[in-house]
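Let's take a walk through this protein, ring by ring and gap by gap. Keep the picture open as you read.

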Protein chains: 2
Amino acid sequence: VNKDININYPLWRLLARTRQAIYRARQKELLPYGVSMRTSAVLFSIINSPEEITPKMISQQLTLEYHSVSEHLKRMEKGGLIHRIKDKEWKNLIRIEVTAKGYEAYSNSIFHESTDAIMSVLTYEEKIELWRILYRLRSKAMEYLGIEETDVYPPSSPEEL
Amino acid sequence: VNKDININYPLWRLLARTRQAIYRARQKELLPYGVSMRTSAVLFSIINSPEEITPKMISQQLTLEYHSVSEHLKRMEKGGLIHRIKDKEWKNLIRIEVTAKGYEAYSNSIFHESTDAIMSVLTYEEKIELWRILYRLRSKAMEYLGIEETDVYPPSSPEEL
């Protein structure tokens with residue numbers, strides 16, 4: 001291999017296309033439950049957060065713009081999946097409560113048959129190696145964007161899961 | 001590490017978030033040129049295709065729905081970046097021609113300072129390893145989706161670049 005050929009761009013395209021293909025498989029799987037990919041990810045963030053989660057924390061965790069998350073949470077409230085509650089002391093602080101319907105949607109969307117089926121092509125050691133490499137890439141990208149890493153999920157190593 | 005803990009889902013989340021962070025860095029970089037990420041990717045597919053490319057081939061390469069690509073190509077034609085030409089013999093066949101303005105937009109968006117900066121955190125050997133792993137994941141995901149792999153870019157190994 002001629003190392004002078006820049007493989008960074010094709011490697012980035014491959015990363016983007018791999019993500020897109022797994023995303024579409026997951027979308028296909030979620031279809032019968034009427035839960036979108038984003039709703040499923042937001043519910044996962046809220047329910048699995050070790051501390052009480054705010055819209056700002058969700059936007060950081062999912063690397064989405066604050067206003068997109070904010071709009072999405074309003075739609076989820078309309079859909080009866082969550083309640084958005086203004087803090088009594090700190091009016092700007094929004095607390096989020098998952099409704100029974102929200103928990104049901106979450107438990108319907110928690111199965112990841114597609115993800116498991118696709119990941120099964122890798123050995124456990126390869127998964128650990130992929131984790132290590134992706135974590136470093138992501139940290140570097142966050143640094144490039146000037147975003148502070150307050151994110152707790154996924155952790156730097158699967159041992160911290 | 002307890003191997004019973006399923007790392008497939010967090011690994012998938014990490015992949016999705018890494019892609020999202022690199023995507024945002026690239027978006028920030030493209031902003032001054034007025035070229036969207038999708039337009040940049042479509043122009044890259046057209047210009048770097050070894051054979052004459054059709055909307056269907058673009059949708060396969062970028063793992064996007066056919067109708068999304070079709071709509072996007074119409075917008076790109078309105079923006080003066082391409083011409084969509086109906087084949088004289090096969091009326092359903094659309095051939096795509098990049099205009100001078102399209103080539104200019106392409107050459108403006110071809111620099112990948114953000115991607116290079118982020119990828120620089122990996123050694124060459126790690127990049128090759130990441131390529132190998134992602135390629136297998138992507139093939140498996142395509143198989144899951146029942147999509148035939150007619151894609152030629154990125155190839156199965158960087159040696160084929």
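## A buried ring pair in chain A

Phe44(A) has a relative accessibility of 14%, so it falls under the 20% cut-off and counts as buried. Keep in mind that this is a predicted model. Tyr106(A) is buried too, because its relative accessible area is 11%.

How many aromatic pairs turn up over all chains? The count is four. In one of them, Phe44(A) and Tyr106(A) sit 6.4 Å apart, centre to centre, with 45 degrees between their planes, and that pair is tilted. Phe44(A) belongs to helix H2 (residues 37-47) of chain A and Tyr106(A) to helix H5 (residues 100-109) of chain A, so their pairing ties together parts of the chain that are 62 residues apart in sequence.

## The pair in chain B

Now look over at chain B. Phe44(B) comes out at 13% relative accessible area, so it is buried. Tyr106(B), at 10% relative accessibility, is buried as well. Why is the pair they make called tilted? The ring centres of Phe44(B) and Tyr106(B) are 6.4 Å apart and the planes meet at 45 degrees, so the pair gets that label. Here, too, distant parts of the chain are linked: Phe44(B) is in helix H2 (residues 37-47) of chain B, Tyr106(B) is in helix H5 (residues 100-109) of chain B, and their positions lie 62 residues apart in sequence.

There's also a partner from across the chains. Ring pairs join Tyr9(A) with Phe44(B) and Tyr106(B) into a cluster.

## Charges over rings

Which residue lies over the face of Tyr23(A)? That's Arg19(A), found 4.4 Å from the ring centre. In chain B, the charged end of Arg19(B) sits over the ring of Tyr23(B), 4.4 Å from its centre.

## Two cavities

How many cavities of 30 Å³ or more are there? Two. The largest has a volume of about 40 Å³. Its lining mixes the chains: Tyr9(A), Trp12(A) and Arg13(A) take part, along with Arg26(B), Leu30(B), Met37(B), Ser40(B), Ala41(B) and His112(B). The elements giving two or more residues to that lining are helix H1 (8-30) of chain A plus helix H1 (8-30) and H2 of chain B. Sort the lining residues by type and you get five nonpolar, two polar and two charged.

The second largest cavity also has a volume of about 40 Å³. Around it you'll find Tyr9(A), Arg26(B), Ser40(B), Phe44(B), Tyr106(B), Ser109(B), Ile110(B) and His112(B). H2 and H5 of chain B are the elements that give two or more residues to this lining. By type, the lining of the second largest cavity splits into four nonpolar, three polar and one charged. Notice some familiar names there: Tyr9(A), Phe44(B) and Tyr106(B) are the members of the ring cluster.

## A strand with two faces

Last stop: the strands of chain A. Strand E1 (residues 82-86) of chain A and E2(A) run antiparallel, joined by five bridges. One of the bridge partners is easy to pick out: Lys86(A) is matched with Ile94(A) in E2(A).

Which residues of strand E2 (residues 94-98) of chain A are on the covered face? They are Ile94(A), Ile96(A) and Val98(A), while Arg95(A) and Glu97(A) are on the uncovered one. Why do the residues take turns like this? In a regular strand, side chains alternate between the two faces of the sheet.

Terms used
Residues are numbered from 1 along each chain as its sequence is written. Chains are lettered from A and ligands numbered from 1 in the order in which they are written. This is a predicted model: local features need pLDDT of at least 70, side-chain atom pairs count only at pLDDT 80 or more; totals for chains, interfaces and linings use all residues. Side-chain values use heavy atoms; hydrogens and water are left out. Buried means under 20% relative accessible area, exposed over 50%, partly exposed in between (1.4 Å probe, protein chains only). Helices (H or I, at least four residues) and strands (E, at least two) are DSSP runs, numbered from the N terminus. Two strands pair if DSSP finds at least two bridges between them. Rings of Phe, Tyr and Trp (its six-membered ring) pair if their centres lie within 6.5 Å; planes under 30 degrees apart count as stacked, over 60 as edge-to-face and the rest as tilted. A charge sits over a ring if NZ of Lys or CZ of Arg is within 6 Å of the ring centre and within 35 degrees of the ring normal. On a 1 Å grid over the protein atoms alone, a cavity is a set of points where a 1.4 Å probe fits but cannot get out, and a pocket is an open set with protein on both sides within 12 Å along at least five of seven lines; lining residues have an atom within 4 Å of a point. Grid points are joined across faces, edges and corners, and a volume is the space filled by probe spheres set on the points. Ala, Val, Leu, Ile, Met, Phe, Trp, Tyr, Cys and Pro count as nonpolar, Asp, Glu, Lys and Arg as charged, and the others, Gly among them, as polar.
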